[in-house]
Amino acid sequence: MINALEVFTTVTVGLMVGVEFSVAFVMNRIFSALPEDSDQLARAHGGRMLGALMPFWYIGSLALSAVWAVAEWGHPGARLVVVAAALLIVSVIMSILLLVPINNRGKTWTPENRPEDWKEQMNRWDRYHYVRVAVIVAAFTFLVTALARGGFA
């Protein structure tokens with residue numbers, strides 16, 4: 001049963017990393033290449049769509065990592081999962097304090113009501129997002145390392 005938890009947790013976090021990496025390095029670059037109104041409209045739609053999904057994914061990934069750490073507490077490799085969970089906590093805190101406020105504003109904007117500095121705000125979101133992606137990639141790396149060690153037996 002613990003092996004299934006380890007694999008499920010690692011896959012869940014890995015998929016989250018893939019989505020966030022794609023947003024940072026693929027989707028937002030595509031959006032930025034669109035004509036101005038299309039860029040802003042695409043970001044607003046993405047903010048609404050992913051903004052509804054990602055909180056559950058981040059919290060779920062953190063919860064799964066915490067359960068894995070508790071289930072294997074006392075085994076030497078559990079430290080890797082604890083570090084991963086700590087990094088996921090950092091990503092959730094970053095999200096709540098830095099990214100969500102910008103996203104909540106941006107997802108309501110239209111070409112008619114967006115502020116003059118909307119691009120600056122989106123660039124700030126992008127910079128925070130790059131850091132968050134690095135944090136969750138690190139968390140994923142710790143989980144993969146723990147999983148690759150064959151558990152903690």
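This passage describes the fold, the salt bridges, the largest pocket and the surface of a predicted model.

The secondary structure of the predicted chain consists of four helices and zero strands, and these elements follow one another along the sequence in the pattern α-α-α-α. When the principal axes are used as the frame, the C-alpha atoms fill a box of roughly 60 × 25 × 20 Å. Of the 153 residues in the chain, 41% are buried. Among contacts with a separation of 6 or more, 80% are accounted for by residues that stand 24 or more positions apart. The accessible surface of the chain comes to about 8,300 Å², and carbon and sulfur atoms hold 71% of that area.

Side chains of opposite charge can pair when their charged atoms come close. A search of the whole structure finds four salt bridges, among them a pair formed by Arg-132 and Glu-20, whose closest N and O atoms are 3.4 Å apart. This pair links distant parts of the chain, since Arg-132 belongs to helix 4 and Glu-20 to helix 1, with their positions 112 residues apart in the numbering. Both Arg-132 and Glu-20 are buried.

A further salt bridge joins the side chains of Asp-37 and Arg-114, with an N to O distance of 3.1 Å. Here, too, distant parts of the chain are linked: Asp-37 is in helix 2, whereas Arg-114 is in the loop between helix 3 and helix 4, and the two are 77 residues apart. The partners differ in their cover, because Asp-37, at 37% relative accessibility, counts as partly exposed, while Arg-114 has a relative accessible area of 17% and is therefore buried.

The side chains of Arg-43 and Asp-126 also meet in a salt bridge, at 2.9 Å from N to O. Arg-43 lies in helix 2 and Asp-126 in helix 4, so that a pair 83 residues apart links distant parts of the chain. Arg-43 is buried, with a relative accessible area of 10%, and Asp-126 likewise counts as buried at 10% relative accessibility. These two residues do not stand alone, for Asp-39, Arg-43 and Asp-126 are linked in a network of salt bridges. Asp-39 is located in helix 2, which covers residues 36-71, and its relative accessible area of 7% falls under the 20% limit, so Asp-39 is buried. When residues up to four places away in sequence are not counted, Asp-39 touches Phe-31, Ser-32, Leu-34 and Trp-118.

The largest pocket has a volume of about 630 Å³. It is lined by 35 residues, of which Gly-47, Leu-50, Gly-51, Asn-103 and Trp-125 are the closest to its centre. At least two residues of this lining are supplied by each of helix 1, helix 2, helix 3 (78-106) and helix 4 (118-148). Helix 2 gives the most to the lining, with 13 residues.

On the surface, a nonpolar patch is formed by Phe-21, Phe-25, Val-26, Met-27, Ile-30, Leu-34 and Tyr-130, which together have about 570 Å² of accessible area. Helix 1, spanning residues 2-33, gives the most to this patch, with five residues. Phe-21, one of the patch residues, is found in helix 1, and its relative accessibility of 43% lies between the limits of 20% and 50%, so Phe-21 counts as partly exposed. Leu-34 appears both in the nonpolar patch and among the residues that the buried Asp-39 touches.

Another aromatic side chain, that of Phe-142, belongs to helix 4. Phe-142 is partly exposed, because its relative accessible area is 29%. With residues up to four places away in sequence left out, Phe-142 touches Leu-80, Val-83, Ala-84 and Leu-87. The C-alpha atoms of Phe-142 and Ala-78 are separated by 10 Å, although these residues are 64 residues apart along the chain.

Note on methods. Residues numbered from 1 in each chain as written. Predicted model: local features only at pLDDT ≥ 70, side-chain atom pairs only at ≥ 80, totals over all residues. Heavy atoms only, no water. Patch = residues over 30% accessible without salt bridge, like charges linked within 9 Å, V, L, I, M, F, W, Y side chains within 5 Å. Areas by Shrake-Rupley, 256 points an atom, 1.4 Å probe, with all protein chains shown as cover. Buried < 20%, exposed > 50% of the residue type's maximum accessible area, 1.4 Å probe, protein only. Contact = heavy atoms within 4.5 Å. 1 Å grid on protein atoms, 1.4 Å probe; cavity = no way out; pocket = protein on both sides within 12 Å on 5 of 7 lines; lining within 4 Å. Points joined across faces, edges and corners; volume = space filled by probe spheres on them.
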